[in-house]
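Welcome! Please take a look at the structure below, and then try the exercises at your own pace.

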Amino acid sequence: MKETQFKRLHEEKGAKMVEFAGFYMPIQYEGLVAEHLHVRNKVGVFDVSHMGEFTVKGQQALPLLQYITSNDVAALYPGKVQYSCFPNGKGGIVDDLLVYCMAENDYLLVVNAANIDKDWAWVTEQNKKFGADIKNISDEISQLAVQGPLALKAMQKLTDTPVEDMEYYTVKTLTFAGVPNIIFATTGYTGSGGCEIYMKNEDAEKIWNAVFEAGKEFDIKPIGLAARDTLRLEMGFCLYGHEIDDTITPIEAGLGWITKFVDHKDFIDKDRMLQMKAEGLKRKLVGFEMIDRGIPRQDYEVCDAEGNVIGSVRSGTQGPSINKAVGTAWVKSEFSAIGTEIFIKVRDKLLKAVVVKMPFYKI
C-alpha cells in the first residue's frame, strides 16, 4: 500500500487505518457520526493526498481538454474551477474530475485515487492527437481538505491573501503558513464549505501542524474517509464506482449540467449523448428515502410493487445530518419521477422507499 505524508500524524491522533484505493488511509477517528456532524457544524480536516494531479499546459491544452472532458473548458478563466468528467467513447465515464484554470493555457486536473493510472493512460493516449504539455505529478503532491462552515475563517489566519470571502469553486496560488506557491481552492466534496490545499510533499507536515494550530479556537478535528462518504452522499454528489462508472453516461447520471452541447466544443461521445437526449433515457439516477426501516447498500436490487427488478442501489446510508436512511439508485426511467414508490430488496424482503429530490441535506 502507498502511504501519504500524514501517516504518522494520523496514527498519533488515533486514526483507524485501512486500505483505500491502494493507499493506507484513515477511515475514522472518534466515530463516523461524530465526525460527520463536526464537519457540518464546525471544521474538520481530511487527508486527500491519495487523489491524482495532472498538469496540462501550452497552446494545445485547451483543445485537448475541450475534446476529452464533457464540460466547456473555454468558459474557465484564471482562478476558476470546473467539475467535469472524461467520457470514454463507449457511452460511459472514465472518471469524474476537477479542472483548475491556474493561468492562461495552464490547467490542473484532479482525479480519483483509484483511477490515477487509468486516467493518465487515457489522457496520454488522447493527447497524441494534440501534443499538449502534460505531466502526472500525483506522487509529488499532498492535499488536505479543510471543510466546514468555520474552515475559511480558520485558514485566513495562515495567509495574508484574502481567502475568507473566496467564491465557491475558485483557486489562488499563495503563501500559506509561510510556505510559498501553495494552491488554495474553495472546493471540497462535503457540501459544508471550506477549502482544499495542495502542497509539495516536503511541506506537508509543516502545513498540517499549522492548520491544526490555527484551527484550535474553532475546535478543528481530523476526519476520516467514512464521514467524507456520508457527507457527499447527503449532498447527492456522485462517487466513481457507485453513481457513475464506465457503463453510464453523464446524462443518465444526472450530470447534464456538466455536459455542454455548444457549437464551439466537440468532445468524445457528444453525438451519442445528443442522440440519447433526443430519444429519451431508458434509465436514470435517482435519490430515494426509505419509508420502511432498513439501510440500503450498493447493488441491492430495486423493485416495483410486484417484485420485478427495475434497477439497483448505487449508494446508501443512514444520513447523520438528516436522521434518515437514504440512497441513490439507477432505475428504469418510468420509475424516476419524484414521489414514485419503489422497493429495496433487503435480505429477500421488499422494503418501501420513495423517490425524492436531491440533495437530501439542505444547507
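Below are three short exercises, each with a worked solution.

This is a predicted model, in which local features need pLDDT of at least 70 and side-chain atom pairs count only at pLDDT 80 or more, while totals for chains, interfaces and linings use all residues. Residues are numbered from 1 along each chain as its sequence is written, and side-chain values use heavy atoms, with hydrogens and water left out.

**Exercise 1.** Find the salt-bridge partners of arginine 232.

Solution. Start with the rule: a salt bridge is a side-chain nitrogen of Lys or Arg within 4 Å of a carboxyl oxygen of Asp or Glu. One partner is aspartate 229, at 2.9 Å from N to O. These two residues are about one helical turn apart because they sit three residues apart in helix H7 (residues 225–234). Another partner is glutamate 243, also with an N to O distance of 2.9 Å. Glutamate 243 lies in the loop between H7 and helix H8 (270–279), so its pairing with arginine 232 ties together parts that are eleven residues apart in sequence.

**Exercise 2.** Sort arginine 232, aspartate 229 and glutamate 243 into buried, partly exposed or exposed.

Solution. Buried means under 20% relative accessible area, exposed over 50%, and partly exposed in between (1.4 Å probe, protein chains only). Arginine 232 has 2% and is buried. Glutamate 243, at 1%, is buried. Aspartate 229, at 30%, is partly exposed.

**Exercise 3.** Which salt bridge does lysine 345 form?

Solution. Lysine 345 pairs with glutamate 301, their closest N and O atoms being 3.8 Å apart. Lysine 345 is in strand S19 (residues 341–346) and glutamate 301 in strand S16 (residues 301–303), so the pair ties together parts 44 residues apart in sequence. Helices (H or I, at least four residues) and strands (E, at least two) are DSSP runs, numbered from the N terminus.
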